[in-house]
Structures are given as structure tokens and as C-alpha cells.
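Subject: Structure handover

Hello,

Here is the structure for you to pick up. My notes follow below it.

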Amino acid sequence: MNDFNALAEPIKKLIELNKTQFEKLAAAQQESAKNYIALTEARIKAASTIKDPEALKQFTTEQIELAQSSYEKMLSDGQSLFKDAQNYNEQLLNIIKQSSPSSTDKK
């Protein structure tokens, strides 16, 4: 029975780690989609107010600024996701090390 518990514990940890990681990723994707929808609606509304060349120029300038800020956010989000993936991998390796036969023999 102890062998079964020793085998089941790392599996439980892996399941919980994966569940937490998937929940984080799903929440991030959901938030991103929500923000993108809001941005799209705002830009459509802004485009619908263009009535003259000056308004078109202002809209175009806003679009260029938006593209730059979106690029910067994409880089920041990418770095954050990379750090999160590194953390996940570290936790995964830690669970594997703790459950390896040489590690459990020492207990």
C-alpha cells in the first residue's frame, strides 16, 4: 500500500500543477479576447466618426500609436508567459526529482 501511495502522490502533484497552469492560460486567453473585443469596438466607433481629412489624420495617428503600444504589450506578455513557463518547468522537474527512486529511497 505504501508503494501505491508513493506512486500516487507525484501523480496528484502533477495533476494539480497542470490544472493550475491550464487555468492560468485559459484566464489569460479569456482576458486577452475580452480586451481585443473592447479595442475593436472602440476603433470601429472611432472610425465611424471620421468626417474630414483632419479626423482621418487623427485616426491614423491613433492607429500608429496603438500599433506601437500593442507591440510593446505583446513583448511584455511574451516575457511574462516565458517566465511562467520556466516556473512551470522548474516545478515539474522538482516533482519528478522528488518522486525518483533515488529520492524516495532516502526517505
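Glutamine 58 sits in helix 2, which covers residues 53–99. Keep in mind that the model is predicted. Glutamine 58 has a relative accessible area of 48%, so the residue counts as partly exposed. The cut-off for exposed is over 50%. Its C-alpha atom is 65 Å from that of alanine 6. Along the chain, those two residues are 52 positions apart.

Next, arginine 43. This residue belongs to helix 1, residues 2–48. Its relative accessible area is 18%, and buried means under 20%, so arginine 43 is buried. What does arginine 43 touch, once neighbours within four places in sequence are set aside? The list is Phe59, Glu62, Gln63 and Leu66. With glutamine 63 there is also a polar contact between side chains, at 2.5 Å.

Now the salt bridges. The structure holds five. Three of them are described here, starting with helix 1.

- Glutamate 23 and lysine 19: the closest N and O atoms are 3.2 Å apart. Both residues lie in helix 1, four residues apart, or about one turn of the helix. Glutamate 23 is partly exposed, at 44% relative accessible area. Lysine 19 is partly exposed too, at 42%.
- Lysine 34 and glutamate 31: this salt bridge spans 3.5 Å, N to O. Here the spacing in helix 1 is three residues, again about one turn. Lysine 34 has a relative accessible area of 51%; the cut-off is over 50%, so lysine 34 is exposed. Glutamate 31, at 39% relative accessibility, is partly exposed.
- Aspartate 77 and lysine 73: the closest N and O atoms are 3.0 Å apart. Why is the separation of this pair about one helical turn? Because the two residues are four residues apart in helix 2. Aspartate 77 is partly exposed, with a relative accessible area of 35%. Lysine 73 is partly exposed as well, at 47% relative accessibility.

That last pair leads on to the pocket. The largest pocket has a volume of about 570 Å³. It is lined by 18 residues. Which of them are closest to its centre? They are Ala28, Ser32, Asn35, Lys73 and Asp77. So the list includes both partners of the helix 2 salt bridge described above, because aspartate 77 and lysine 73 are that pair.

Where does the lining come from? Helix 1 and helix 2 each supply at least two of its residues. By class, the lining has seven nonpolar residues, six polar ones and five charged ones.

A short recap for your files:

- Arginine 43 is buried at 18% relative accessible area, and its side chain makes a 2.5 Å polar contact with that of glutamine 63.
- Glutamine 58 is partly exposed at 48%.
- The salt bridges number five, among them aspartate 77 with lysine 73 at 3.0 Å.
- The largest pocket is about 570 Å³, with residues from both helix 1 and helix 2 in its lining.

Best wishes

Note on methods. Residues are numbered from 1 along each chain as its sequence is written. This is a predicted model: local features need pLDDT of at least 70, side-chain atom pairs count only at pLDDT 80 or more; totals for chains, interfaces and linings use all residues. Side-chain values use heavy atoms; hydrogens and water are left out. Buried means under 20% relative accessible area, exposed over 50%, partly exposed in between (1.4 Å probe, protein chains only). A polar contact is a pair of N or O atoms within 3.5 Å; within protein, one must be able to donate a hydrogen and the other to accept it, and residues adjacent in sequence count only if both atoms are side-chain atoms. Contact means heavy atoms within 4.5 Å. On a 1 Å grid over the protein atoms alone, a cavity is a set of points where a 1.4 Å probe fits but cannot get out, and a pocket is an open set with protein on both sides within 12 Å along at least five of seven lines; lining residues have an atom within 4 Å of a point. Grid points are joined across faces, edges and corners, and a volume is the space filled by probe spheres set on the points. Ala, Val, Leu, Ile, Met, Phe, Trp, Tyr, Cys and Pro count as nonpolar, Asp, Glu, Lys and Arg as charged, and the others, Gly among them, as polar. A salt bridge is a side-chain nitrogen of Lys or Arg within 4 Å of a carboxyl oxygen of Asp or Glu.
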